[in-house]
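This report looks at how one helix packs and at how charged side chains pair. Please keep the sequence and the structure in view while reading.

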Amino acid sequence: MLRILIINGPNLNLLGRREPEIYGEDTFEDFMIHLRGKYIDSDVDLTYFQSNHEGHILDKLHEVGFSYDGIVLNAGALTHTSIAIADAIAGIETPVIEVHISNVHKRETFRHHSYVSPVAEGIIVGFGLRGYELAVDYFL
Ligand code: DQA
């Protein structure tokens with residue numbers, strides 16, 4: 001049984017309502033129903049965690065980072081600011097794939113730098129919610 005956790009950071013609880021022209025009109029909860037359906041016959045345990053609090057994301061990375069097989073992380077704006085999240089990813093054993101719904105490189109320059117990228121196994125940007133699915137497929 002493969003254990004995979006998807007982590008969404010700040011403001012991603014507002015998906016579906018937040019700037020839909022950038023992030024789309026689907027809620028993450030609906031997307032999770034689609035994902036769980038897709039992998040129903042696979043030997044995978046897919047869980048989801050969202051927090052607006054940096055420390056809670058750190059705690060979650062520590063909690064699963066020595067036992068899970070993969071983490072799919074969209075750290076939201078913390079991507080561009082958090083050395084602590086980068087250090088946590090460097091310190092755990094579970095590989096992390098960085099996902100961004102929007103193509104951050106088409107947007108403001110402050111979104112072009114990521115503290116997560118140098119410690120991520122891989123990066124998927126700009127494919128909407130499909131990016132999470134591509135990341136799970138990679139782990140499978
Ligand atoms: C985001 C891009 C970030 O720059 C932004 O702060 C987000 C969402 C994305 O998924 O496109 O909150 O990570």
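With which residue does K60 form a salt bridge? In this predicted model, the partner of K60 is E63, and the closest N and O atoms of the two are 3.2 Å apart. K60 and E63 lie three residues apart in helix α3, so about one helical turn separates them. An α-helix has 3.6 residues a turn, so residues three or four places apart point the same way. K60 nevertheless counts as buried, because its relative accessibility of 17% falls under the 20% cut-off, whereas E63, at 56% relative accessibility, counts as exposed.

Helix α3 spans residues 54-64, and its buried residues are I57, L58, K60, L61 and V64. These buried residues are on the same side of α3, because they cover an arc of only 165° around the axis. They pack against the strands β1 (2-8), β2 (44-50) and β3 (70-74), and also against helix α4 (83-91).

The structure holds six salt bridges, and the table lists some of them, including the pair in α3.

| Salt bridge | Closest N to O distance |
|---|---|
| K60 and E63 | 3.2 Å |
| E108 and R107 | 3.9 Å |
| E108 and R111 | 2.7 Å |

E108 takes part in a salt bridge with R107 and in another with R111. E108 itself counts as partly exposed, at 35% relative accessibility, while R107 is buried at 18% and R111 is buried with a relative accessible area of 17%. Elsewhere, a network of salt bridges links K38, R130, E133 and D137.

Terms used: Residues are numbered from 1 along each chain as its sequence is written. This is a predicted model: local features need pLDDT of at least 70, side-chain atom pairs count only at pLDDT 80 or more; totals for chains, interfaces and linings use all residues. Side-chain values use heavy atoms; hydrogens and water are left out. Buried means under 20% relative accessible area, exposed over 50%, partly exposed in between (1.4 Å probe, protein chains only). Helices (H or I, at least four residues) and strands (E, at least two) are DSSP runs, numbered from the N terminus. The arc is that of the directions from the helix axis to the C-beta atoms. Contact means heavy atoms within 4.5 Å. A salt bridge is a side-chain nitrogen of Lys or Arg within 4 Å of a carboxyl oxygen of Asp or Glu.
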